[in-house]
Amino acid sequence: MKQKEIKRGVLKNRIIKCILLFGCILINVGAYAEIKLPAIFGSNMVLQRNSEVSVWGTATAKSKVTVSTSWNNQAYETNADKEGNWNIKVSTPDAGGPYDIKLSDGEELMLENVLIGEVWLCSGQSNMERRLRGHPNDPILGANDAILRSDNPSIRFFKVERAKSEVPEDNFNGDWKVCNRSTSPEFSATGYFFGNLLQEILDVPVGLISSNWGGTRIQRWMDEGAIKTFNPDDWEDSPSTLFNAMINPMLGFNIKGVIWYQGESNRKQYEIYDEMMVKLVQNWREKWGIGNFSFYYCQIAPFKYDNTVNTAFLREAQLKASKEIPNSGMVSLLDVGDERTIHPANKRVAGERLAYLALKDTYGIEGISARGPEYLDMKIEDSTVELTFDESVTSFGKELKLFEVAGKDQKFYPAKARIKGNRIILISEEVAEPVAARYGFKNFVEGDLYNLYGLPASSFRTDRW
């Protein structure tokens, strides 16, 4: 009996030792945390060329972290802190690739098929979010042909998955994909057309990061500190939740600039929208910490909204912001709106007009125009109004139908318009003594005033009524 009890005791002790040993192994494995990177770093990515780019992540606490780059066969070293966090600056060359990046804290992690080129963030609400293959009842003009021609390993996509957070997050979901007929249909149409033209003209790799959410207001894309500077009466949205979840995790990832398409959801807040745009750009530039990167955006397109507010006032606020934000630019879409849908189908025009701004102002391409004509001043003589623009204007032979004039009674009437170089002469039989003029200043219009390069003017007004 005693012998059996002894055997049982020995067996029990062995089992306990095995359990303890297994537990120690688990503890040691848990203590040894291999390198982990946020989602924005991965195989197939594009890093900004000719830069000191930040690479960061987590590793074993206080371990030595090495990042080795194949383009210069150089190893960069740092030490993780007591929580395992680390950040390394890596030098990038001129455009090229594909390259590999090897990371190690004792265990290796390899990133493959990495390109060096130009990186742009594409952000905003639904008109930036609309994918190339379209959505039900919201097709993209020319989608089939664009997708057919989209096999291009020099373009890479990163699509941030939708997420909200009340606090700033360190990571989000998404991964880098090579542009081809399988991946391009799911990416932002505006972003794709922008990046495709950039890649064609610059002949370098282009990385596009899409971070969008339809129906969202601008305040949700600013951090808490920035939004506190405003005190509007109508905050229906929880501010900062999209900044926290969809922008904060990539702060510090080197980009060349941002393209932005948003504003429809702020149409009733037009009185402060230009201030919010200025604050958004300041906020992002400060948080990114890489200088005053380029910021280009679309003015919202005409659409037959309800009559509660004239969205020409929001377009006016966007035009005003373009004069207040350094290193920025706005493209007018006054000629490509759609009376029946808030999502106009011609996203190629939106994306390529944004690309004109980048190519001319960011990359110094000469011989092209990037902005439509802008109104400068007005002269009135008797019943005639003369408007002066910053360049020659044209209607391409069509009748100008969107000009109006008003007298002191502040009632606007259609005006006949005649082009004379960089001036337009207006006369209305209903207004004998005009004091103000407007162009396209309604919810829905079909823009008909252009510069000689075919870029449309924004809607505008000379009054402040």
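Which residue of β10 does C122 stand opposite? The partner is S210, and the pair offers a convenient way into the structure. The model is predicted, with residues numbered from 1 along each chain as its sequence is written; local features need pLDDT of at least 70, side-chain atom pairs count only at pLDDT 80 or more, totals for chains, interfaces and linings use all residues, and side-chain values use heavy atoms, with hydrogens and water left out.

The overall picture comes first. The protein has 9 helices and 23 strands, where helices (H or I, at least four residues) and strands (E, at least two) are DSSP runs, numbered from the N terminus. Along the principal axes, its C-alpha atoms fill a box of roughly 120 × 45 × 40 Å. Of the 465 residues, 54% are buried, a term that stands for under 20% relative accessible area, with exposed meaning over 50% and partly exposed in between (1.4 Å probe, protein chains only). The accessible surface comes to about 21,900 Å², and carbon and sulfur atoms account for 47% of that surface; such areas come from the Shrake-Rupley method with a 1.4 Å probe, and for residues only the protein chains shown count as cover. Among contacts (heavy atoms within 4.5 Å) between residues at least 6 apart in sequence, 72% join residues at least 24 apart. There are 56 positive and 61 negative side chains, and the centres of the two sets lie 7 Å apart. In this count Lys and Arg are positive and Asp and Glu negative, while His and the chain ends are not counted; each charge is placed at NZ of Lys, CZ of Arg, CG of Asp or CD of Glu.

Strand β7 is a good place to look more closely. This strand covers residues 108-124, and 12 of its 17 residues are buried, so β7 is largely enclosed by the rest of the structure. Two strands are said to pair if DSSP finds at least two bridges between them. In general, the strands of a sheet pair through backbone hydrogen bonds, either parallel or antiparallel. Strand β1 (residues 46-48) runs parallel to β7 and is joined to it by 3 bridges, with V46 opposite L115. Strand β6 (residues 96-104) runs antiparallel to β7 over 6 bridges, and here I101 has L111 as its bridge partner. β6 and β7 also form a hairpin with 3 residues between them, where G106 in the turn has a positive phi of about 120°. Strand β10 (residues 206-212) is parallel to β7, with 7 bridges joining the two. Strand β11 (residues 257-261) is likewise parallel to β7, over 5 bridges, and S123 stands opposite W260.

Another set of strands is found further along the chain. Four strands form an open sheet in the order β18-β17-β21-β23, with antiparallel pairing. β18 (412-414) and β23 stand at the edges with a single partner strand each, so one side of each is left without a neighbour in the sheet. Between β17 and β18 there are 3 bridges, and V405 is the bridge partner of Y413 in β18. Strand β17 (residues 403-406) pairs with β21 over 4 bridges, E404 being matched with R438. R438 also stands opposite R461 in β23, a strand of residues 460-461 that is joined to β21 by 2 bridges. In a regular strand the side chains alternate between the two faces of the sheet. In β21 (residues 436-439), A436 and R438 point one way and A437 and Y439 the other way, and all are buried.

A second open sheet of 4 strands has the order β14-β15-β20-β19, again with antiparallel pairing. Its edge strands, β14 (375-381) and β19 (416-420), each pair on one side only. From one strand to the next the twist averages 20°, with axes fitted as lines to C-alpha atoms, for helices over the stretch in contact, and angles running from 0 to 180 degrees between N-to-C directions. β19 pairs with β20 (residues 423-427) in the antiparallel sense over 5 bridges, and K420 stands opposite R423.

Finally, a single glycine in a loop deserves a look. G84 lies in the loop between β4 (74-79) and β5 (85-91). At 0% relative accessibility, G84 counts as buried. Leaving aside residues up to four places away in sequence, G84 touches G57, T58, A59, T60 and A61. By contrast, G84 and L314 are 47 Å apart in space, C-alpha to C-alpha, and 230 residues apart in sequence.
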